[in-house]
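Got the viewer open? Here is a short walk through the inside of this protein, one selection at a time.

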Amino acid sequence: AICILGDRYELIPIVLAAILYNKVIIHIHGGEKSEGVIDEQIRHMITKASHVHLAICDEYASNICRMGEENWRVLNSGSLAVDNMLQVEEISNTDLFKDLELDIDKDLALLTYHPVTLNTTEKGSESVKPIFDALDRFNIQIVITAPNLESGSDQLITTIRESIKGKNNFQIVNSLGIKRYMRLLQNCKFVIGNSSSGIIEVPYYRIPTINIGERQKGRIRHPSVIDTDLKTENISNAIELALNEDFRNSLSDMKYLFGSGNAAEKIVQFLELLPPKESLLTKKLDFSAKI
């Protein structure tokens, strides 16, 4: 078998090879929506090619069944990201802030902004500039993670670097790695941008997410997610809300929707009970299936 996670376009040749060689395809994170990017098409293509589906919540599992997949092939496992959050090796704040050359006594936020590959109003590297215009109004240090390698990412990185030139409170990091990323999140006042992490992982820590534009349109939202467009004033208003103590306190009892940290265990148990390979490879449409 092969196990595929997500919706990246470079997964397609792997899936095709698996089909040609009669390999069971196990897909993680199916049934989700991200209507502002081509990932939406890629994800559902992988779903229809896969034999086993591991979704992160009941609604996404139901979406897979509504696509004609038999329900015995589908599991709501929760997100493996939660397993990582609970198990990743921790580093001290002192070491983290020293490593990233940050001021441990100053408010911190994380920015991740990826190219938008479908919505024409958000295309182009210039679309990121209102975000920096809004952030400039606040006395907060910003760590920027580099965008995904997609169409337009080179121009976007160039624009980001130009936008932060000479500004000491901004810095860009190509990759934080999971250990530094998870620890940094716990020290952030908010995250901002259009990454799926702001929708899936960040709410686990009850931290506000400012989600900009339509890249993540269609995904399930936690109350911690503040949606806004790419207008400077609206982004600024969203930042003010994310920093508001009453709003932040309201998130302390927020229910997290994507699992409780035992996704790997549930996946293993599910795989162990599946029928033989021959039964898995023979697919049929079943539009009556429900989770």
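What volume does the largest pocket have? About 970 Å³. Keep in mind along the way that this is a predicted model.

**Stop 1: the pocket**

Select Asn148, Ser195, Ser196, Ser197 and Glu201: of the 35 residues lining the largest pocket, these lie nearest its centre. Now colour the elements around them. Helices α2, α4 (80–87), α8 (177–185) and α9 each bring at least two residues to this lining, and α8 gives the most, with 4. Colour by class as well, and the pocket lining splits into 11 nonpolar, 16 polar and 8 charged residues.

**Stop 2: the cavity**

Ser195 stays selected, since it also belongs to the next group. Add Thr112, Val191, Ile192 and Gly198: together with Ser195, they lie nearest the centre of the largest cavity, which has 15 lining residues. Strands β5 (108–112), β8 (190–193) and β9 (209–212), along with helix α9 (197–200), are the elements that give two or more residues to that lining. The structure holds 1 cavity of 30 Å³ or more, and the space in the largest cavity comes to about 90 Å³. Which classes line the cavity? You'll find 7 nonpolar and 8 polar residues there, but no charged ones.

**Stop 3: the main core**

Next, pick Leu110, Leu184, Leu185 and Phe258. They have the most contacts inside the largest nonpolar core, a set of 35 residues. Helices α3, α4, α5 (93–99) and α8, plus strand β5, each supply at least two residues of this core.

Zoom in on Leu110 and show its neighbours. Leaving out residues up to four places away in sequence, Leu110 touches Val143, Thr145, Leu176, Tyr181, Leu184, Leu185, Cys188, Phe190, Val191 and Ile192. Two of those names, Val191 and Ile192, you have already met beside the cavity centre.

There is also a second, separate core, with 31 residues; select Ile131, Phe132, Leu135 and Leu156 to see some of them.

**Stop 4: the rings**

Go back to Phe258 and bring up the aromatic side chains. The structure holds 5 aromatic pairs. How are the rings of Tyr60 and Phe258 arranged? Their centres are 6.3 Å apart and their planes sit at 20 degrees, so this pair is stacked. Trace the chain between the two and you cover 198 residues, from Tyr60 in helix α3 to Phe258 in the loop between α11 (245–250) and α12 (263–272).

Are these two partners buried or exposed? Tyr60 counts as buried because its relative accessibility is 2%, and Phe258 is buried too, at 1%. Now add Tyr204, Tyr205 and Tyr256, which join Tyr60 and Phe258 in one aromatic cluster.

**Stop 5: helix α2 and strand β1**

Finish at helix α2, residues 39–49, where Asp39, Glu40, Ile42, Arg43, Ile46, Thr47 and Ala49 are buried. What covers them? Show β1 (2–5), α1 (12–20), β2 (25–28), β3 (52–55) and α3 (58–66), which are among the covering elements.

From Ile46, draw a distance to Leu5: the C-alpha atoms are 9.7 Å apart in space, while the residues are 41 apart in sequence. Leu5 lies in strand β1. Setting aside residues up to four places away in sequence, Leu5 touches Leu11, Ile28 and His29.

Methods. Residues numbered from 1 in each chain as written. Predicted model: local features only at pLDDT ≥ 70, side-chain atom pairs only at ≥ 80, totals over all residues. Heavy atoms only, no water. 1 Å grid on protein atoms, 1.4 Å probe; cavity = no way out; pocket = protein on both sides within 12 Å on 5 of 7 lines; lining within 4 Å. Points joined across faces, edges and corners; volume = space filled by probe spheres on them. Nonpolar A, V, L, I, M, F, W, Y, C, P; charged D, E, K, R; others polar. Buried < 20%, exposed > 50% of the residue type's maximum accessible area, 1.4 Å probe, protein only. Contact = heavy atoms within 4.5 Å. Core = buried A, V, L, I, M, F, W, Y, C linked by side-chain atoms within 4.5 Å. Phe/Tyr/Trp six-rings, centres within 6.5 Å; stacked < 30°, edge-to-face > 60°.
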